[in-house]
Amino acid sequence: MSEEERLDEIKQLLKAMIRNKCVNPPGNELRSIRTLQDYFAAHGVESQIFESAEGRGNLYARIEGTDPNHPSLTLGPCHVDVVPVEDPGTWTVDPWEGVEKDGFIWGRGAFDMLFIVACQAAVFASLVQEGFRPKGDLVFLAVSDEEAGGLFGTKWMLDNHPELVKTDFAVTESGGFPIAPSRYVFMVGEKGINWKRLKFRGEEGHGSMPYGTPNAVLKMSQAALRLSRYDPPVETKFVGDLARGLGLSRLTRFFLENKSLVPLAIKLSAKKDMGMAKVLHALTRMTISPNVARGGEKTNVIAGQATLDVDVRTLPGQDDEYVVRHLKRALGDLAPEVEIAKVPGVPTSVGNASPSQSDFVDAMREAVRQCTTPDADLVPMLLTGASDTRFYRDVGSQAYGFSLFDDRLKLAEITPLAHGDDERISIGTLRLTAEVYERLARNFLTYPEPAYQQSGFLTSA
Ligand SMILES: [Zn+2]
């Protein structure tokens, strides 16, 4: 298939998966998993579905390598589930129609992460069709359930079929954003999630005579305010590479390397680029965001109970003891009265990361250069949310967020697309992302004699 034909197939696949509406919960991801299997079958690609629950499953395919000692690579785990649309009225298009307009494909999941699913599937199919013979195995894995914790998707596959899906390397969502001229972010790790439920007690009494009666809602409000004003310790370890890769000015880099000057660096950056300021803030500390408040029963009854759910995100190396210690410090003299528990039903994860320098990272950088300009470079970053890469890192694989965006949107416009209104992906990004995965597979899996130099498959080289 030509590059143009492949791009057309990527668009069709992406639109079909948007229309499949695999909203998690409940997911019903088998719809899109079957769409992918049908697409593979039409191209003579053998694949296997593993059902992990009713209506849910994962799709696996493999190109066997010729050298069992050569490292293996997974395209994926790529998730086909999406988050709900709160209010379709705030979108400029129907979020479930898969509209193509103004050089973008619009719809829930277009960015997170159906476009990568479509690109990885199409690249895999085109490599099978041309008879690609890599040295190391190339695996394709599409999964369910990333948006609700991954227990029926990546985690399930690694627990139940590690012999099939555990590879040395994996590439998946959240990377490839242009962050400065010829500079693209790739994700080497992620922050941990440690959501806490704070419980407050008061005494019920008549609302007409509040004097002297402890009120749980008042305690909760005070606590929320204290948490929002608390500054957890600043850590500079995870912004150094970023600052260097971005080619930031010596002064800004100096600010970012000195813990006491980081707040100033963030303030200055906020004036120019709020998106960058948010990133710098999140990468230099544990963040605390009190987001769900519940309390009181009736307007004329003093609140006897209240709870506050707090979204806490930790850097690699910050454990549960660290979280609780700093929440208590933030609460101050309220701390002894507050019960701190987990938010039920939400798995806790610790921060984790893969190496930011290796042969594999070199192969990714080379692929980006081949697709863009010879001076292009990759900038390592931590994802502030959790993704399925943590399950791969848990079993000893190295996993990265890696794709390649064109310059239609700025970083500050790209990041709100995930789970946001008017989620969309540019056609240029589809083209670049497919190309970068194909180059990576050829560069890395045929190393040290890259097949792309001989095959002539890529005519744009
Ligand atoms: Zn995602």
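Trainee: Let me start with strand S10 (residues 192-193) and S13: in which sense do they pair?
Mentor: Keep in mind that this is a predicted model. Two bridges link strand S10 to S13, and one of the matched pairs is Ile193 with Arg313 in S13. The sense of the S10 and S13 pairing is antiparallel.

Trainee: Over how many bridges does strand S12 (residues 287-295) pair with S13?
Mentor: Pro290 has Val310 in S13 as its bridge partner. The two strands pair in the antiparallel sense, and the number of bridges between S12 and S13 is eight.

Trainee: And which residue of S13 stands opposite Leu198?
Mentor: Strand S11 (residues 196-201) pairs with S13 in the antiparallel sense, over six bridges. The residue of S13 opposite Leu198 is Leu308.

Trainee: How many of the 10 residues of strand S13 are buried?
Mentor: Here buried means under 20% relative accessible area. Strand S13 (residues 305-314) is largely enclosed by the rest of the structure, because the count of its buried residues, out of 10, is nine.

Trainee: Let's go to the metal. Which residues are the protein donors of the zinc ion?
Mentor: The donor atoms lie 1.8 to 2.7 Å from the zinc ion. In sequence, the donor residues follow the spacing H-x32-D-x60-E. One donor is the NE2 of a histidine, one an OD of an aspartate, and Glu173 is listed twice through OE. The donor residues are His79, Asp112 and Glu173.

Trainee: Why does the arrangement of the four donor atoms have the name it has?
Mentor: To count as tetrahedral, four donors need all angles between 85 and 135 degrees. Around this zinc ion the angles run from 52 to 147°, so the arrangement is irregular.

Trainee: In sequence, how far apart are His79 and Asp112?
Mentor: The pair links distant parts of the chain. His79 belongs to strand S3 (residues 73-79), while Asp112 belongs to helix H3 (residues 110-129). Their separation is 33 residues.

Trainee: Are those two, His79 and Asp112, buried or exposed?
Mentor: The relative accessible area of His79 is 1%, so His79 is buried. Asp112 has a relative accessibility of 9%, so Asp112 also counts as buried.

Trainee: Now the open sheet of three strands: what is its order?
Mentor: Its edge strands are strand S4 (99-101) and strand S18 (424-426), each pairing on one side only. From one strand to the next, the twist averages 25°. With antiparallel pairing throughout the sheet, the order is S4-S5-S18.

Trainee: Which residue in S5 does Lys101 stand opposite?
Mentor: S4 and strand S5 (residues 104-106) are joined over three bridges in the antiparallel sense. The residue in S5 opposite Lys101 is Phe104.

Trainee: Helix H1 (residues 3-20) packs on the sheet; what angle does its direction make with that of S5?
Mentor: H1 touches S4, S5 and S18. A second helix, H3, lies across S5 and S18, running at about 50° to S18. For H1 and S5, the angle is about 20°.

Trainee: Lys11 is in helix H1, but which residues does Lys11 touch beyond four places away in sequence?
Mentor: Lys11 has a relative accessibility of 13%, so this lysine counts as buried. Leaving out residues up to four places away, its contacts are Glu100, Ile105, Ile427 and Leu430.

Trainee: Where is Pro26 found?
Mentor: A cis peptide bond, with omega about 5°, joins Pro25 and Pro26. The peptide bond from Asn24 to Pro25 is cis too, with omega near -5°. Most peptide bonds are trans. Pro26 is found in the loop between H1 and H2.

Trainee: What is the phi of Asp102?
Mentor: Asp102 sits in the loop between S4 and S5, and with a relative accessible area of 53% it is exposed. Most residues other than glycine have a negative phi. Asp102 instead has a positive value, near 55°.

Trainee: Last one: what distance separates the centres of domain 1 and domain 2?
Mentor: Domain 1 covers 3-190 + 351-455 and domain 2 covers 192-342. Across the boundary, 15 residues of domain 1 are in contact with 17 residues of domain 2. Taken over C-alpha atoms, the distance between the centres is 33 Å.

Definitions and conventions. Residues numbered from 1 in each chain as written. Predicted model: local features only at pLDDT ≥ 70, side-chain atom pairs only at ≥ 80, totals over all residues. Heavy atoms only, no water. Donors = N, O, S within 2.8 Å, 3.2 Å for Na, K, Ca; no water. Tetrahedral: all angles 85-135°; square planar, octahedral: opposite > 155°, others 65-115°. Helix = DSSP H or I, 4+ residues; strand = E, 2+ residues; numbered from the N terminus. Buried < 20%, exposed > 50% of the residue type's maximum accessible area, 1.4 Å probe, protein only. Pairing = 2+ DSSP bridges. Axes fitted to C-alpha atoms, helices over the stretch in contact; angles between N-to-C directions. Contact = heavy atoms within 4.5 Å. Domains from an automatic or database assignment.
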